[in-house]
Amino acid sequence: MTDYLADIAWSYDNVAVSYAERVVDGADWEVEAFDLVAELAGDGLVVDVGCGPGRTTGLLAERGLKVIGIDLSRGMTEVSRRHHPELDFRVGSMTALDLPDGSASAVVSWWSIIHLPRDVVPTAFAEFYRVLAAGGVLLLGYHVGEESNHKTSGYGGHAMNVHVHRWTASSLTEIAVEAGFTPYPVAGIPGDRLLFRK
Ligand SMILES: C[S@@+](CC[C@H](N)C(=O)[O-])C[C@H]1O[C@@H](n2cnc3c(N)ncnc32)[C@H](O)[C@@H]1O
């Protein structure tokens with residue numbers, strides 16, 4: 001595993017339990033975005049990349065979606081299996097998804113590209129494009145801005161070693177278009193969430 005992936009996995013292993021206790025469901029804006037994925041994804045496979053403790057995977061499953069959650073952190077995956085034993089969680093990286101070409105109808109990356117080095121994000125987007133079927137949907141959530149910071153602790157003071165990269169909608173759209181996606185703007189979805197279609 002490359003160093004930055006190992007650092008992300010180590011960091012989220014450290015915070016997995018406290019993250020699950022602190023980050024909870026309910027915001028209307030999240031519900032609305034996932035309702036939209038349910039509407040667009042139909043009965044195909046939805047892949048929740050960087051699913052963390054499975055909170056978002058659970059929300060997608062509640063909408064009747066066939067969903068799998070993938071996360072780099074084994075600790076997060078263990079927490080997600082405890083919280084949702086009925087769902088399919090896998091350890092893996094969004095930079096090299098172990099899924100066949102064209103096998104998904106939606107990819108949800110909910111605040112999970114934020115730790116990838118900027119020059120690696122095109123690799124992740126190429127993977128999202130590869131695993132989506134024609135017409136498939138990509139939903140991205142991310143921190144808005146242009147700066148990066150180094151996070152050394154979090155979620156109750158546990159040690160972390162990750163960089164948090166903020167993005168503008170235009171720079172992410174540029175990368176997505178380069179990967180082959182078409183922007184799919186939806187009224188009412190704010191600027192820190194972006195939708196694309198293959
Ligand atoms: C801020 S958390 C978001 C978790 C979840 N999506 C949510 O909204 O609650 C970021 C998650 O992305 C995961 N992650 C970061 N880089 C990843 C990668 N390359 N592949 C898979 N997961 C990754 C981390 O392990 C962590 O669980």
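**Entry 1: the shell around the ligand**

I began with the make-up of the shell around the ligand, whose residues divide into 11 nonpolar, 7 polar and 2 charged. The model I am reading is a predicted one, and I keep that in mind for each value below. In all, I find 20 residues surrounding the ligand, and the closest of them are Tyr19, Gly50, Asp71, Met94 and Trp110.

**Entry 2: polar contacts of the ligand**

I then looked up which atoms face each other at three of these residues. At aspartate 71, a polar atom of the side chain lies 2.6 Å from an oxygen atom of the ligand. At tyrosine 19, an N or O atom of the side chain is 3.0 Å from an oxygen atom of the ligand, whereas at glycine 50 a polar backbone atom is the partner, 2.8 Å from a nitrogen atom of the ligand. I also noted how far the ligand is covered: on its own it has 600 Å² of accessible area, and the protein covers 98% of this.

**Entry 3: where the ligand sits**

I asked myself which pocket the ligand sits in, and I found that it is the largest pocket. Two elements give two or more residues to the shell around the ligand, namely α1 (3-22) and α3 (55-62). Of these, I record α1 as the element that gives the most, with 4 residues.

**Entry 4: aromatic pairs**

I searched the whole structure for aromatic pairs and noted 7. One of them is formed by phenylalanine 181 and phenylalanine 196, and I list this pair as tilted, with 6.2 Å from centre to centre and 50 degrees between the planes. The pair links distant parts of the chain, 15 residues apart, since I find phenylalanine 181 in the loop between α6 (169-179) and β8 (182-183) and phenylalanine 196 in strand β9 (residues 193-197).

**Entry 5: backbone angles**

Last, I looked for positive phi values, bearing in mind that most residues other than glycine have a negative phi. Which residue in the loop between β4 (104-110) and α5 (121-131) should I note here? I note tryptophan 111, which lies in that loop and has a positive phi of about 55 degrees although it is not a glycine. I made a second note for tyrosine 155, found in the loop between β6 (148-154) and β7 (158-165), where phi is near 55 degrees, again a positive value in a residue other than glycine.

Definitions and conventions. Residues are numbered from 1 along each chain as its sequence is written. This is a predicted model: local features need pLDDT of at least 70, side-chain atom pairs count only at pLDDT 80 or more; totals for chains, interfaces and linings use all residues. Side-chain values use heavy atoms; hydrogens and water are left out. A residue is near a molecule or strand if one of its heavy atoms lies within 4 Å of it. A polar contact is a pair of N or O atoms within 3.5 Å; within protein, one must be able to donate a hydrogen and the other to accept it, and residues adjacent in sequence count only if both atoms are side-chain atoms. Accessible areas come from the Shrake-Rupley method with a 1.4 Å probe; for residues, only the protein chains shown count as cover. On a 1 Å grid over the protein atoms alone, a cavity is a set of points where a 1.4 Å probe fits but cannot get out, and a pocket is an open set with protein on both sides within 12 Å along at least five of seven lines; lining residues have an atom within 4 Å of a point. A molecule sits in a cavity or pocket if more than half of its atoms lie within 2 Å of its grid points. Ala, Val, Leu, Ile, Met, Phe, Trp, Tyr, Cys and Pro count as nonpolar, Asp, Glu, Lys and Arg as charged, and the others, Gly among them, as polar. Rings of Phe, Tyr and Trp (its six-membered ring) pair if their centres lie within 6.5 Å; planes under 30 degrees apart count as stacked, over 60 as edge-to-face and the rest as tilted.
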